Amino acid sequence: MHFVAQRALKFLALLAALAAGAAAASAQGRLVKVTAGSDGKFVVAGQRKPVIVAKPGESLLLLMTSKASDTPQADGTVHTFTAPAMGLDVRLKEGTRKIAFKAPKKPGMYAIVCLTPCGKGHDSMVMKLHVK
Ligand SMILES: [Cu+2]
């Protein structure tokens, strides 16, 4: 019986170590999944509208998935992730990549747009970062 309890404790210690590892992995920032769709729409996982809500100065790690566009650029760019307030202008190619950044310290609404003509929907391909 004692032996079984020891094994259970070892197992719990292993789980705790795994949990600690998971926490360390997210030290780069809170993970937010975003899709740049073929229809010229940004979709933020878990949100009805394309809005990323963040705390002032919060570190974010976007898992950004980009779908094909009707008009890919010569270098394969299908969309951009352009956030002037944060000095970000990332060319997105088909597939998934990470984008790490810090939310501005000042609360407010910050625009994130797609600046490469990507076909239908491009003119309204906008997402917001809501810092509050
Ligand atoms: Cu676009």
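**Notes on the strand pairing and the core**

1. I'd start at M64: across in β7, its bridge partner is R97. Bear in mind throughout that this is a predicted model. The two strands involved, β4 and β7, run antiparallel to each other and share eight bridges. R97 also turns up among the residues M64 touches, and beyond sequence neighbours up to four places away the full set is V34, A36, F81, L92, T96, R97 and I99.

2. Which residues have the most contacts inside the largest nonpolar core? They are M64 and L129, in a core of 19 residues. Several strands feed into this core: β1 (30–36), β3 (51–54), β4 (59–66), β5 (77–83) and β9 (126–131) supply at least two residues each.

3. Now the sheet that holds β4 and β7. This is an open sheet of four strands, ordered β2-β1-β4-β7, and the pairing is mixed. At the edges sit β2 (42–44) and β7 (95–102), each of which pairs on one side only. Ignoring direction, the average turn between neighbouring strands here is 25°.

4. β3 deserves a look of its own. One face, made of I52 and A54, is covered, while V51 and V53 lie on the uncovered face. How do β3 and β9 pair, parallel or antiparallel? The sense is parallel, with four bridges between the two strands. Within that pairing, A54 is opposite V131 of β9. Both β3 and β9 are also on the list of strands giving at least two residues to the 19-residue core.

5. Then there is the β5–β6 hairpin, with four residues between its strands. In the turn, G87 has a positive phi of about 65°. The pairing of β5 with β6 (residues 88–93) is antiparallel and runs over six bridges. One facing pair to check on screen is T77 and, in β6, K93. M64 reaches this part of the chain too, with F81 and L92 among the residues it touches.

6. Finally, the overall picture. The protein has one helix and nine strands, and the helix comes at the N-terminal end of the order, α-β-β-β-β-β-β-β-β-β. Of the contacts with a separation of 6 or more, 65% join residues 24 or more positions apart. How much of the protein is buried? Buried residues account for 18% of its 132 residues.

Note on methods:
Residues are numbered from 1 along each chain as its sequence is written. This is a predicted model: local features need pLDDT of at least 70, side-chain atom pairs count only at pLDDT 80 or more; totals for chains, interfaces and linings use all residues. A nonpolar core is a set of buried Ala, Val, Leu, Ile, Met, Phe, Trp, Tyr and Cys residues joined through C-beta atoms within 7 Å. A residue is buried if 20 or more other C-beta atoms lie within 10 Å of its own, exposed if 12 or fewer, and partly exposed in between; C-beta atoms are placed from the backbone. Two residues are in contact if their C-beta atoms, placed from the backbone, lie within 7 Å. Two strands pair if DSSP finds at least two bridges between them. Axes are lines fitted to C-alpha atoms, for helices over the stretch in contact, and angles run from 0 to 180 degrees between N-to-C directions.
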